[in-house]
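Me: I would like to learn how to read a few features in a model. Can we start with the aromatic rings?

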Amino acid sequence: MVSKPPRTDIDESRLRVTDPARVAVGVPAVAHALQMSIEQMGVARSIRTLARVNQKDGFDCPGCAWPEEDKRHVAEFCENGAKAVAEEATLRRVGPEFFAAHSVAELAEHDDWWLGQQGRLTQPMVLDEGATHYRPISWDDALREIATHLRDLADPGDAVFYTSGRTSNEAAFLYQLLVRGLGTNNLPDCSNMCHESSGSALTETIGIGKGTVSIDDIHRADLLIVAGQNPGTNHPRMLSALEKAKAGGARIIAVNPLPEAGLVKFQNPQTVRGVLLGGTELADRFLQIRLGGDQALFQAIGKHLLEREAAVGGILDREFIDAHTSGFDAYRETVTAVPWRELEAATGLAEDVLRAVGDDVAASSATIVCWAMGLTQHKHSVATLRDVVNVLLLRGDIGRPGAGVCPVRGHSNVQGDRTMGIYEKPAEAFLEALDREFSFTAPRAHGYDTVAAIRAMRDGAVSFFMGMGGNFVSATPDTAVVESAMRRVALTVQVSTKLNRSHVVTGRRALILPTLGRTDRDRRGGREQRVTVEDSMGAVHSSRGRLAPPSDELLSEVAIVARLCGMLFPGAAPGDADGSATDPSHEGDPDRGLPERPAADQPHRAPGDADERAGSRHPADAPRADWAALETDYAMIRAHIQSVIPGFDDFEERIDKGRTLHLPNGPRDARRFATPDGTARFTANPLEYPRIPPGRLLLQTLRSHDQYNTTIYGKDDRYRGIHQGRRVVMVHPDDIAELGWRDGDVVDLVSEWTGDDGTQQERRAPAFRIVPYPTPRGNAAAYYPETNVLVPLESVADVSGTPTSKSIIVRLEPATAPV
């Protein structure tokens with residue numbers, strides 16, 4: 001029986017703390033997943049739906065992007081995947097009567113968990129300027145309003161188009177085409193906040209912004225270094241792959257400030273060993289590194305390898321280095337000059353421990369380094385990841401079986417969105433192909449990334465915001481600034497499956513456009529449509545939902561974007577390159593109320609300060625396509641993708657019958673590197689790491705186990721021993737005593753930094769309970785989105801612009817309000 005949505009928010013006064021777990025998954029994980037599934041979907045629907053997750057004839061999990069093997073298990077999902085499916089396939093509904101009963105001000109008082117638990121959105125809604133409640137609106141009126149607003153813009157750079165990682169390849173491709181057809185590259189996405197540092201470092205060093213390994217490589221590795229990642233919570237299916245590698249003789253090194261249960265011991269519920277024999281101990285070595293010390297770790301490994309090469313020889317892959325790399329001498333000089341004592345200070349690890357890790361790498365015949373946001377969300381993240389690549393290059397561990405770089409992406413199609421062109425700095429080759437395919441000229445000027453978009457909204461330079469999925473307000477840093485910035489926008493549009501905070505912190509006028517989810521049947525043009533997604537390792541496969549949609553009023557993301565394109569670019573019939581023919585259903589229709597497109601080009605202002613914008617122009621020529629046909633036949637979109645993006649040859653045929661399309665990867669496939677000189681690049685990076693002032697802590701934000709990104713599934717983080725609450729700060733017991741606090745004290749977290757103008761700035765997050773936890777001294781941890789308010793908009797990673805959510809200087813103060 002499906003339970004009713006909660007009436008109240010999480011009651012933090014009921015929070016209790018137990019010892020952290022020492023084992024992950026097992027029977028408790030299965031029981032918890034089934035409990036949440038039944039609460040949301042009921043018994044029969046749960047069985048029917050979960051049986052199709054990640055199957056070749058089913059739908060791709062809306063959770064993480066971990067890949068599947070070609071041979072699928074009957075239960076090809078994890079605990080958190082089951083929670084994600086239950087949230088989307090819930091039988092709870094949020095319709096017009098809900099919005100009539102709840103004002104926006106009332107909804108804004110509720111927490112993220114309560115909002116998400118209310119259910120699926122069923123009908124387009126509009127919040128009129130000055131209104132207290134949303135009201136229903138028709139699809140025609142909603143889309144007409146968006147199109148009119150966009151064509152009225154003085155500069156296309158006044159509009160921002162955000163994308164989450166859940167959007168399908170087909171929707172993402174159309175979405176970027178719509179945006180570039182308007183004349184801007186303002187396409188911020190969730191990658192900007194998570195793995196942008198990975199893309200920046202990898203593109204510079206090996207010529208591709210993606211990982212270089214496959215799932216088979218994980219199984220064949222001799223050594224796996226899992227750094228700044230908690231797969232037990234964030235990518236639980238990865239544990240099965242690590243277990244398989246372990247069975248093949250691999251060693252695993254876990255590198256993390258917190259001892260995470262998933263890398264201590266794994267009880268696989270699908271094996272006899274996992275259920276009856278106690279499971280598998282995964283990590284052979286756990287390095288409890290200080291926050292921000294990962295660059296020092298990889299410099300220490302490189303330094304040790306170089307010293308051993310000088311002493312005994314035969315350590316480095318000289319043949320690979322000479323044939324395929326550049327910059328080795330500068331790298332060697334830089335790393336050799338770093339004192340061991342500084343590497344110890346940065347990592348918090350003794351020299352003999354660091355050298356032992358270096359010996360592990362030296363003894364390995366094939367090494368993979370996996371990482372996630374623990375490495376990407378620091379000021380020096382790009383330098384850190386360059387040094388990860390440096391270590392692999394020393395041993396020739398790029399382009400050999402069982403070896404390479406493995407950035408583990410979070411959301412299920414975040415990598416596919418980037419492949420489809422969701423990027424504010426598109427490559428010229430991509431734009432040229434887009435121009436040829438759609439007979440127009442795409443803008444070349446770079447657009448806003450996520451942080452730049454927030455700054456522009458804050459400064460009044462944005463009139464329109466559209467979110468294709470996601471929860472922009474809760475996901476982004478500096479929450480108070482983001483909320484104030486969003487309220488300055490004239491029109492905000494959220495394409496969503498469920499209620500979230502971005503629906504209650506809006507522009508002066510706001511639209512909610514409810515859309516189909518991965519689990520929903522998408523029937524258009526008289527037949528069921530399928531979409532495609534790309535996993536974390538560059539493999540593309542199809543996804544087709546089977547459940548009846550929660551409302552007949554829902555449109556797919558593809559349909560929403562295609563209809564907008566038809567309204568905005570109605571000037572050419574199918575295949576008419578010169579635009580002489582018109583679409584009579586749109587062009588000149590007085591009922592649609594669309595103004596004429598301005599003929600004159602608008603001057604471009606590059607992105608940056610308060611008076612600059614990222615727009616380019618309204619193009620005199622618009623992209624030409626049969627928008628109505630694309631809305632009803634997604635195979636036509638895939639044909640366009642095949643023509644524009646390399647690697648999608650025979651796209652439709654290759655995804656038939658559940659087959660996977662593996663995109664080309666130069667470093668992996670042929671040790672081919674698309675860098676300016678065609679070589680993999682060693683880089684010389686000065687050592688950086690955070691310095692913590694006296695009386696302060698270095699805070700990292702992280703997820704709980706009952707959470708995926710900003711979606712809160714439940715109130716517990718059972719692996720860390722946190723139950724029935726979220727407002728906790730985990731601190732080393734000695735730091736608690738030294739700072740004059742006690743276990744259970746309630747404090748405010750106050751972040752400190754120096755602003756762009758040189759003044760001291762701070763932000764406050766109230767009422768967090770202190771929990772003693774085995775963190776490194778001087779380090780602390782707390783959950784986001786509650787702590788995103790502490791992450792300053794000005795503090796971003798060098799090169800990539802990623803917010804520094806894993807290295808925030810904070811002080812603890814007596815709570816200004818009760819829990």
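Reply: This is a predicted model. It holds 12 aromatic pairs. In one of them, Tyr162 and Phe472 meet edge-to-face, with 4.9 Å centre to centre and 75° between the planes.

Me: Which parts does the pair of Tyr162 and Phe472 tie together?

Reply: Tyr162 belongs to strand β7 and Phe472 to helix α24 (residues 472–475), so the pair links parts that are 310 residues apart in sequence.

Me: Is Tyr162 buried or exposed?

Reply: Buried means under 20% relative accessible area. Tyr162 has 2% relative accessibility and therefore counts as buried. Phe472, at 1%, is buried as well.

Me: How are the strands ordered in the open sheet of 6 strands?

Reply: Strands of a sheet pair through backbone hydrogen bonds, either parallel or antiparallel. Here the order is β6-β5-β18-β17-β16-β7, and the pairing is mixed. The edge strands, β6 (135–136) and β7 (159–163), each pair on one side only.

Me: In which sense do β16 and β17 pair?

Reply: Strand β16 (residues 464–468) pairs with β17 in the parallel sense, over 5 bridges. Met466 stands opposite Val493 in β17. Helix α26 (residues 557–568) lies across β16, β17 and β18, and runs at about 150° to β16.

Me: Where is Thr506 placed?

Reply: Thr506 is in the loop between β17 (491–496) and β18 (509–514). Its relative accessible area is 8%, so Thr506 is buried. Leaving aside neighbours within four places in sequence, its contacts are Leu127, Tyr134, Met486, Arg487 and Thr492. Tyr134 also forms one aromatic cluster with Phe98, Phe99 and Trp114.

Methods
Residues are numbered from 1 along each chain as its sequence is written. This is a predicted model: local features need pLDDT of at least 70, side-chain atom pairs count only at pLDDT 80 or more; totals for chains, interfaces and linings use all residues. Side-chain values use heavy atoms; hydrogens and water are left out. Helices (H or I, at least four residues) and strands (E, at least two) are DSSP runs, numbered from the N terminus. Buried means under 20% relative accessible area, exposed over 50%, partly exposed in between (1.4 Å probe, protein chains only). Contact means heavy atoms within 4.5 Å. Two strands pair if DSSP finds at least two bridges between them. Axes are lines fitted to C-alpha atoms, for helices over the stretch in contact, and angles run from 0 to 180 degrees between N-to-C directions. Rings of Phe, Tyr and Trp (its six-membered ring) pair if their centres lie within 6.5 Å; planes under 30 degrees apart count as stacked, over 60 as edge-to-face and the rest as tilted.
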